[in-house]
Structures are given as C-alpha cells and as structure tokens.
Amino acid sequence: MILLVYFLTFIVIVAALFYLLGYDYLFNGISKTYFKGKSSANIDDGKFFTHNIIKTGSSMPWDKTPEYNNTELPKHIVEDLAHSRTASFIVAKNGKLVHEQYWNGYDQHSKTNSFSMAKAITVMLLGKAIEEGKIKSIDDKFSDYFEEFNDNGLAKNLTLRNLAQMESGLDWHEDYKNPFLPNAKAYYGRSLIKATFSRKFKSNPGERFEYQSGSTQLLGFAVRKAVDQTLAGYLSEKFWAPMGMEHHATWSTDDSGMEKTYCCIHATARDFARLGQLFLNDGKTGDHQLLNLDFIKQMRTQTEKSKEIYGMGFWINHDNPIKHYYFLGLQGQYIIMVPEHNMVIVRTGSYNNLPKNDRGRPDQVKFLVNETVKLFK
C-alpha cells in the first residue's frame, strides 16, 4: 500500500513537472499512440483528433481506361510496395485510371493521413487567396497579418514567400521521433499558436532553405486570417467541390479549430490522385481554371537555395531522366506528377524507414516513377 502511494505521488509530480515545462501534450500523444497500439503518428489516426470537414459537391468518379487493372504489377514493384507497408497504389494516365490496388484492409473508400502532402495544399490556398485579392502579394510580410512579429527581431522581415519556399529562418528542428521537439508539440498539443508563435528565429528570412513544418503552419495562420473562414471551408469551396471529389475529407485541428496546415488532411487515394491531375492540367478541371497558372509555375519551379530540389510545397526531381514533381508526406505518402507521360502516381502507406539518399528526396519516389512509366508506357 505504501509503495502504491509513493508510485502515485511520483506520477503526480512528473505530470505537474511536465505541465509546468510545457510538455503536457505528451500525455495526449501517449493516449493517441501507445494506448491505441501504435508507436507513433499513423495514417489512421484522424478519428482521434478534432477536425474540420472538407465538403465535396457533386462527385465525378474517375474514368477508367479499357486496360484498367489488366496489367499485373511485376514482382519487384510488389515487393517494394509490400515491404513499405503500402495501403494504396494508383496510376492515372491521360486523366483516366489505369491501375488501382490496395493492401492491408484498405480500399477506395479508406481515408488516410496526408501528413506533409498538406503543405502543398496550403500553398495552393495561398495562391487562390492572392488570385482573389484577399492577399495582396506573395511578398507580403507575415507581420502585416500578425503585428506582434514587427517586434520579433529577425522575423519582422519574414514574407509569405519565405514561408512557402521553406526559407523562413525559423528555429524549428524537423524531427518526427523526438517527443520533446516542436513537431510533436504541434501534432499533439492543444494550441498551434503556442507551438509556433513561441519559436525564435535563428537566421534572416530568405538566407537558406530548411524544410520545416513550422513554416507552413505560420503560412496557414496568415492565409486563414486573410480569407476569414476555416481553411477546410475555403479548400472545399475553391477546390474540393469544384473538382468533383468523390468523398468528403477532414482536416485535423487544434482545440481552437485551427487546421494543422503542415499536415493531416484525411482523404481517399482517389481524391489525392485528382489533386495531382489538377496540376497536370495546369490548374484546370474541365473548362474551369481553379488555380492561376502563373502561381502553379512558381510552385513547381526549383529554388536556388534548395539546390533545385524544392519549389513551393512541391519536391522536384529534374535530375532523373523522367522528370517529375510531387506532394510528399511522412511515412511515404506521395502524389507524383509526371508531365512528359501525363501520369499521376499515388502511393499511401505507413513506413517510417524510407531511405532518402536522393539529395534528400525518397529513393522510392524515383523508383516508382521509373518503373511505373516503363510498365504503363
């Protein structure tokens, strides 16, 4: 009995200490991972978070080619997809589905976590807000939207372009495994304002490329303030419904209802693929121009400071003989656009150990591009 009292006292002291040090979000993280039989964030955890709904309108199901699913994937592709615990693999060519396959209990109705693929979607919303005049310019200062950043040293010169291009200078170590670093606090914490606005800046904005979830979250705050509505609602109104997405999606939020704009859109693989098709079509769905082509060109233009591997929200590979650019999410979420072959490739799944030897880009992306183009050429 005495030992139990000591143990409970110890637990209370630890909990109080974590709370005082600002680590109380760890308890939320533990409840949503270890208590659910998982060791980290995962593609199915959307149901455990508050969220805003991204509504669709009249859905327009994908057309299929006459050869749809007639080609069996070769052994080396199947082995790669199986080893990386793939949930879905979709190939669309010339605007039609040519291959669609699911594993591990997932199907065409399964909604999984986009993780950082949402970063490119946040940049899309920035482009739309500029197009509609809700944001004057991509070179607006962040302090134009949040005046307190005028007194934040290096941050006073931070622009929306800096945030979109991952050149903010923010002191944010992008680590997905250490629970004491800012990614975990943003993901499991109750307030995205506290997780991001409290961070200092370590260099002048625009000086260097550093991929950071915090930068996209700050961008999301500015866009949401400019459009004066939830970003899920804005995404629904400007893209999800007009594109004829097959299903509603959800966007995880903090306790105040602010979307986690660096991640966490939960949608089906087919609807993710339609986002890729939008960019292959230069921003058009049917006869409707949903996103300005000039802005799209900025998104898919490599920046000098990233050493030409990143644009605005997109990862880009023009080193490969088959050039491509893509949305990229943690654990191997990809929407890959291959313009030369008018092809979209989507892979979703849950694998934490994907090697990134290709100048910081996942090797699997290049492998899937080269092998899929060869197979469906």
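**Close-up views of the predicted model**

**View 1. The lining of the largest cavity is made up of 4 nonpolar, 4 polar and 1 charged residues.** Everything shown in these views comes from a predicted model. Which residues form this lining? Look for Ala87, Ser88, Tyr102, Tyr106, Asp107, Ser110 and Thr112, together with Ala269 and Thr348 from further along the sequence. The space they surround comes to about 40 Å³. In the structure as a whole, 2 cavities of 30 Å³ or more are found. Rolling a probe the size of a water molecule over the atoms is what shows where empty space is left.

**View 2. The second largest cavity has a lining of 2 nonpolar, 3 polar and 3 charged residues.** Here, too, the space is about 40 Å³. One part of the lining is the run Met166, Glu167, Ser168, Gly169 and Leu170. Arg208, Glu210 and Gln212 make up the rest of it.

**View 3. Helix 9, residues 231-240, is mostly covered.** How many of its 10 residues are buried? The count is 8. Follow the helix from its start and you meet the buried Leu231 and Ala232, then Tyr234, Leu235 and Ser236, and at the end Lys238, Phe239 and Trp240. Several elements share in covering these buried residues. Among the helices that do so are helix 4 (117-131), helix 8 (213-227) and helix 10 (269-280). Strand 1 (51-54), strand 5 (249-252) and strand 6 (265-267) also belong to the cover.

**View 4. Asn42 sits in the loop between helix 2 (25-32) and strand 1.** Is Asn42 buried or exposed? Its relative accessibility is 5%, so Asn42 counts as buried. A polar atom of the Asn42 side chain lies 2.9 Å from the backbone nitrogen of Asp44. Leaving aside residues up to four places away in sequence, Asn42 is in touch with Asn113, Phe115, Tyr187 and Gln331.

**View 5. Arg300 and Asp282 meet through their side chains in a salt bridge.** The N to O distance is 2.6 Å. Arg300 belongs to the loop between helix 11 (293-299) and strand 9 (315-317), and Asp282 to the loop between helix 10 and strand 7 (284-285), so this pair ties together parts that are 18 residues apart in sequence. With a relative accessibility of 29%, Asp282 counts as partly exposed. Searching the whole structure turns up 17 salt bridges, including this one.

**View 6. A salt bridge joins Asp319 to Arg361.** Their closest N and O atoms are 2.6 Å apart. Asp319 is found in the loop between strand 9 and strand 10 (324-329), while Arg361 is in the loop between strand 12 (343-349) and helix 12 (363-376); the pair therefore ties together parts that are 42 residues apart in sequence. How accessible is Arg361? At 0% relative accessibility, Arg361 counts as buried.

**View 7. Arg361 also forms a salt bridge with Asp358.** In this pair, the closest N and O atoms are 3.4 Å apart. Both partners, Asp358 and Arg361, are buried. Which residues belong to the network around them? Through salt bridges that share partners, Asp319, Asp358, Arg359, Arg361 and Lys366 are joined into one network. To place this view beside the previous one, find Arg361, which is paired with Asp319 there and with Asp358 here.

Notes. Residues numbered from 1 in each chain as written. Predicted model: local features only at pLDDT ≥ 70, side-chain atom pairs only at ≥ 80, totals over all residues. Heavy atoms only, no water. 1 Å grid on protein atoms, 1.4 Å probe; cavity = no way out; pocket = protein on both sides within 12 Å on 5 of 7 lines; lining within 4 Å. Points joined across faces, edges and corners; volume = space filled by probe spheres on them. Nonpolar A, V, L, I, M, F, W, Y, C, P; charged D, E, K, R; others polar. Buried < 20%, exposed > 50% of the residue type's maximum accessible area, 1.4 Å probe, protein only. Helix = DSSP H or I, 4+ residues; strand = E, 2+ residues; numbered from the N terminus. Contact = heavy atoms within 4.5 Å. Polar contact = N/O pair within 3.5 Å; in protein donor to acceptor, adjacent residues only side chain to side chain. Salt bridge = Lys/Arg side-chain N within 4 Å of Asp/Glu carboxyl O.
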